[in-house]
Amino acid sequence: MTTPLTVPVARTIVLNALHQVVPDEDLTVLGDDRPFRSELELDSLDFLSFVENLSAATGIRIDESDYDAVTSVASCVSFLTARGAAL
Amino acid sequence: MAEFTMPSLGADMDEGTLLEWLVAPGDAVHKGDVVAVVDTAKAAVEVETFADGVVEALLVQPGTTVPVGTPLASIGVGPVAPAAAAKPAKPAKPAKPAKSARPARPAKPRRAAEPVKPAARGATAQPPVHPPAPVVRRVARDLGVDLATLTGSGPGGEITRDDVVHAADQHPAPAARTTPAPPAPAPREGMRVSPYARRLATELGVDLAAVPLPADGVVRAADVRAAASGPAPTAAPLVAASAAPDAEDRRQRMRSAIATVMSHSKREIPHYYLTSTVNLGAALDWMHERNRDLPVTARLVPAALMLKATALAATEVPDVNGFWVDDRFQPATDVHVGMAISLRGGGLLAPAVHDTARLSLDAVMAAMRDLVVRARSGRLRDTELREPTLTVTNLGEQGVESVLGVIYPPQVALVGFGTVVERPWAIGGLLGVRPVTTLTLSADHRATDGFTGSRFLAAIDRHLQHPEAL
Amino acid sequence: MSATIETTYREALREAIREAMTQDDRVFLMGEDVGAYGGCFAVSLGLLEEFGPERIRDTPLSELAFVGAGIGAAIGGMRPIVEIMTVNFSLLALDQIVNTAGSLLHMSGGQFNVPLVIRMTTGAGRQLAAQHSHSLEGWYAHIPGIRIVAPATIEDVRGMLATALADPDPVLVFEHGSLYNAKGTLAEDAGPVDIDHAAVRRPGDDVTLVTYGGMLPTTIAAADLLAADGISAEVVDLRTLRPLDDATILASVRRTHRAVVVDEGWRSGSLSAEISARITEQALYDLDGPVERVCTAEVPMPYARHLEQAALPQPETVAAAARRLVRGSDG
């Protein structure tokens, strides 16, 4: 990736990654700093799919040890922008 | 004055169609507000303005297709009243970013722009209170409660699930809402429907137009059944459009199907329950170690280990693996572990991971992921739903410590895994902290006795202590 | 449960003939090489020595003549079993079978019935080429006035002859050549079986495979393939090809909602076409897909083994047809 991820782009990617996992949920009402695993009742397989989507959309590797950093939209955005900048 | 132009929403986009204006001349707009909806070749996308100001003129009518860069509206730049809501600062960006400045994967952000719609539109006007959580909205939808009429009791005035349930108790939803008329079977034009599927659709009250078209274009009985029992298969994009009556109806039908089976189970099956605490230290260490070098797609989750361990244990204790039919236990020749999958919008399915005991862990994992996707999109095969010889529920993933489940007849056992928690654990006279889970068994006392059940749980535990052999 | 014996299709058939001849002295067997040679397929081996040349009669190579003689004997009060070497040669006797045996009761105003049993070998699979390998039983099933049976199991071949002999009208028994060596167990006291009903040879839920005669083993093998694939196939053995037991076929199809007809005959104008028509006539609204047919390639049966096998329905082709119905694709 030649350009660092901007916050709005990262946010869009995060929402999109969530949307692919829970296409029926209304994500517009999901607060940015809410823990979406519980809010959206994601199970471990859902969460894995989410991580996979996120990783595929950004090219950023997300390890199991990073899982604690990707719990809310806001934390995901921070994680992605930080990692994106480091690339 | 600033120009609001047709944006480039991807390297391959050279023109777009204006679908809808979300502002009118005279409206004050702020950087980041969504002002229009634009249709690209792939999706409808909400478009933000990058300028503060007042909309002076709309230059393009909805329905018009124009090249990228064409001015769509003019915005008069000037002092505007500060926005009511504090918006997160957006990084400065040129009004029309050069193509090379876009992120590498334009297609995804474009589709994802959809969810921004109401939030961005409402953001300028609404107080900074959290909107109700999605689950709360769903409960409200199910119970027919208008969230706008509620005062939240949660932190910051947030509306909680209890608030909704309470409100529903006070003011029961009108009957018309809870008993929607059965939809008439009306196939789409050109849709090919087998005669039996057509008949079934009438009997089950399934609207054929809402049945997703299979790859070969023929709707069969299984597709109708899936539509009758599954969740809304054609994902209504984002906004809570799944409150449509047929989704409501489907939920009702699934609820009553579960009601029938579970009542039957509790009426007929003399359940007994066993509980055991299992140290998952070895299993999780092994799994994390293994996952570390793998791409996300190849990683395992603990549930895969639990499923496989249960399947292997069932081959050792075959009395829990099979069916109670005609007043006797009929053991199954193979182990097909059913995996309880909760559906969004309510309900539950437990399709089988075929021949679980003989699959590699990777194959179990792949099968689980495949089943979850298809269960939620209503694309399970009926054989997969009939096949399970034993069921595992992982309700612990939602945080409960143990689950004492109801057996799915004619099966004779159900294994539950509680949430994984760190607990003090004594090993060799020393105390350590280990991740543990509460393993439970609900079993049919007609088929087995507690002794057999405890052998089964012990076997699951033993297999989980040797994850490398799973 | 009575004791069982290990036997073969051929021996069970011979035992059925022996029993019929022992119990009723009106019964006799005639046909080409049935006596001294013991039958072209060795079915009547040893019967000449046991019953003598009066009751085990070798005939000239003239199907028209000896089937006609059999009809005459039947009208005259005997209970003949006429053996025709293969169904291909039975065409030489079509006039006697269709125009006389099948019609006489009607044409005589009910005065003459023809209690005749004609046995013949049918089917391919043994490299006997186009002279000996065709499956023309579907043609005979077109004719009113005769009953057509196709024993596919040892029990049926043991039990159908007696019931056929007891029938006051002509019965044609089609024995598939590839079945004669089939081994199996049989109750020691096995006796007559009905020739009115089809039988469910294997219960299943997802698809009904309708077949008969020599295609039963092929179809069972297909059901095994499908079971390994998670598809539960019900196998219906027609047993009697005329009159067809619609009730059994339809009951199964109404349950599984899918039907595959497996017929070694050629597809065009075949028994499989008749069955398919009956299913759609009577159970259209229970069908979850079109009736599939798996039949022999429409060529005279090739001699070369690989070509013969390619022409015949195989378990894989039957299973593929079933998968198409159940899953929408044959993979």
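Tutor: pLDDT is the predictor's confidence in each residue, from 0 to 100. The model here is predicted, and as a whole it scores ipTM 0.78 and pTM 0.47.

Student: What pLDDT does chain C average?

Tutor: Chain C averages 95, on a scale that ends at 100. In chain C, 99% of the residues score at least 70. Where pLDDT is low, predicted coordinates should not be read in detail.

Student: What makes a residue of chain C count as buried?

Tutor: A residue is buried if 20 or more other C-beta atoms lie within 10 Å of its own. Of the 331 residues in chain C, 51% are buried. The secondary structure of this chain comes to 14 helices and 14 strands.

Student: How many residues does each chain bring to the contact between chain B and chain C?

Tutor: Chain B brings 14 residues and chain C brings twelve. On the side of chain B, helix α6 (residues 195-204) gives the most, with four residues. By class, that side of chain B has seven nonpolar, three polar and four charged residues.

Student: What makes a set of residues a nonpolar core?

Tutor: The members are buried residues of certain nonpolar types, joined through C-beta atoms within 7 Å. The largest such core has 195 residues, and B:L307, B:M368, C:L209, C:V260 and C:A322 touch the most other members. Helix α10 (residues 302-316) of chain B supplies the largest share of this core, ten residues.

Student: Which residues is B:M368 in contact with, leaving aside its neighbours within four places in sequence?

Tutor: B:M368 is in contact with A:L45, B:A303, B:A304, B:L307, B:M339 and B:V353. Apart from the largest core lies another, of 15 residues, including B:M6, B:L72, B:A73 and B:I75.

Student: How do you know that strands β6 and β8 of chain B pair?

Tutor: Two strands pair if there are at least two bridges between them. Strand β6 (residues 53-58) and strand β8 (residues 71-76) of chain B have four bridges, in the antiparallel sense, so the definition is met. B:L58 stands opposite B:A73 in β8(B).

Student: Which sheet has β6 and β8 in its order?

Tutor: An open sheet of four strands in chain B, in the order β1-β8-β6-β3, with antiparallel pairing.

Student: Why is one side of β1 and of β3 in chain B left without a neighbour in the sheet?

Tutor: β1 (2-5) and β3 (28-29) of chain B stand at the edges and each has a single partner strand, so one side of each has no neighbour in the sheet.

Key:
Residues numbered from 1 in each chain as written. Chains lettered and ligands numbered in written order. Predicted model: local features only at pLDDT ≥ 70, side-chain atom pairs only at ≥ 80, totals over all residues. Contact = placed C-beta atoms within 7 Å. Helix = DSSP H or I, 4+ residues; strand = E, 2+ residues; numbered from the N terminus. Nonpolar A, V, L, I, M, F, W, Y, C, P; charged D, E, K, R; others polar. Buried ≥ 20, exposed ≤ 12 C-beta atoms within 10 Å, placed from the backbone.
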